[in-house]
Amino acid sequence: MKKRLFVFFALLLVAAGSFAATVKGAFIGENPLQMVSVSYLTNDFITTTPINPDGTFTLNLDIKQADCLAFNFTGENGLRRHLYFAVSPSDNVTLKMSVTYYDLMISEAKGSADAVFLKKHQDKVNTSSKEEMEAFYLENKTLLTSLLLAYINFSNEFYAHKPMFKTLYNSVSAKYPYSALVTEVGSKVTNPIEIGAVAPEIEGVTPDGKTKKLSSLRGKYVLVDFWASWCRPCRGENPNVVAAYNKYKGKKFDVFSVSLDSDAGAWKNAIEADGLAWKNHVCTFKRWNCPIARAWRVNSIPFSVLIAPDGKIVAISLRGEALQSKLAELIK
């Protein structure tokens, strides 16, 4: 009797800990794809399965909570196709698809609200304006897939669509706090560096050991420039910053450089070698652990922010001709 009870409770534990969503697919027409694998957006592998000769496949996904997944299809001659959408443990999704020269097209999707949204999104994305797509994402703001596809399509223009991302994030963050996507978007929507905001204070040590504050330049247009001596793209951009400084330094324009160097000698030598003649140079010698860079959410360099005389941010990530054009527009 005790043995039977043990087996019974063991089965209950297995059932309670087992979460298997199902995604079934069927390709219509000619199908050159042979395999499908599934992973989280963090690239953590979940499973893989071959696609049957008749174009069908079944994925049993052992997932414990809803999250964004990448479905990666591979086939003949290195052919690759991808789908991205959120799946929950209780989902039983069915997809009908076809492979085109350019993409993988969904003709039918059912079994979850996220899968249905994926199909609708595919129908709209190539024929709708940015404004129409933004409205579409907001209409479906409770779906994690809406945030995912909005981020895929607009991440390069994140700040231009920040109000939309903020609404989407606020709608899903409480339900999916563990999602890597939600975490990444959250770090951006809470970013203090946005057009119209007052730039955070910067205080750092100059090459001669003195303290310099960004606020000491209030009343000028200031380009806050994050760089490092070891960063080749930064060194390549420096001549452009130097040209801007030389052209506008007599018209209430200045540069405030924040270095991510860890070696004082390399930092000072690069300032001299590149002709960075302005006096506003600071460094904490902590590379990517620089508290200034962290406060300004700097994830890559070169990175620049243009600040108006009132201390408010007017442009972000200006490089090359874009910097020259913006300064010409603002400084007469």
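Which residue in strand 12 is the bridge partner of D225? It is S257, and the strands around this pair make a good place to start exploring. Keep in mind that you are looking at a predicted model. Its chain has an average pLDDT of 92, and 94% of the residues reach a score of at least 70.

**How far to trust the model**

- Take care at the start of the chain: over residues 1-18, pLDDT stays under 50.
- For that same stretch, residues 1-18, the model has one contact beyond four places in sequence.
- Where pLDDT is low, the predicted coordinates should not be read in detail.

**The chain as a whole**

- If you count the elements, you will find ten helices and 15 strands in the chain.
- The C-alpha trace spans about 85 × 55 × 40 Å along its principal axes.
- The chain has a radius of gyration of 26 Å, while a compact globule of 332 residues would have one near 20 Å.
- Of the 332 residues, 45% count as buried.
- About 17200 Å² of the chain's surface is accessible, and carbon and sulfur atoms contribute 53% of that.
- Among contacts in the chain with a separation of 6 or more, 61% join residues that are 24 or more positions apart.

**A four-stranded sheet and its helix**

- Four strands form an open sheet in the order 4-1-7-8, and their pairing is mixed.
- Strand 4 (56-62) and strand 8 (104-110) are the edge strands, each pairing on one side only.
- From one strand to the next, the twist averages 25°.
- Inside this sheet, strand 1 (residues 20-27) pairs with strand 7 (residues 92-99) in the parallel sense, over six bridges.
- To see this pairing up close, find A26, which stands opposite K96 in strand 7.
- Helix 2 (residues 113-125) packs on the sheet, where it touches strand 7 and strand 8.
- The direction of helix 2 makes about 140° with that of strand 8.

**Strand 12, a buried strand**

- Now back to the opening pair: strand 11 (residues 221-227) and strand 12 run parallel and pair over seven bridges, with D225 and S257 as bridge partners.
- Seven of the seven residues of strand 12 (residues 253-259) are buried, so this strand is largely enclosed by the rest of the structure.
- In a regular strand the side chains alternate between the two faces of the sheet.
- In strand 12, one side carries F253, V255, S257 and S259, and the other carries D254, F256 and V258.
- These residues are all buried, so both faces of strand 12 are covered.

Methods:
Residues numbered from 1 in each chain as written. Predicted model: local features only at pLDDT ≥ 70, side-chain atom pairs only at ≥ 80, totals over all residues. Heavy atoms only, no water. pLDDT = per-residue confidence, 0-100. Contact = heavy atoms within 4.5 Å. Pairing = 2+ DSSP bridges. Helix = DSSP H or I, 4+ residues; strand = E, 2+ residues; numbered from the N terminus. Axes fitted to C-alpha atoms, helices over the stretch in contact; angles between N-to-C directions. Rg over C-alpha atoms; globule rule 2.2 N^0.38 Å. Buried < 20%, exposed > 50% of the residue type's maximum accessible area, 1.4 Å probe, protein only. Areas by Shrake-Rupley, 256 points an atom, 1.4 Å probe, with all protein chains shown as cover.
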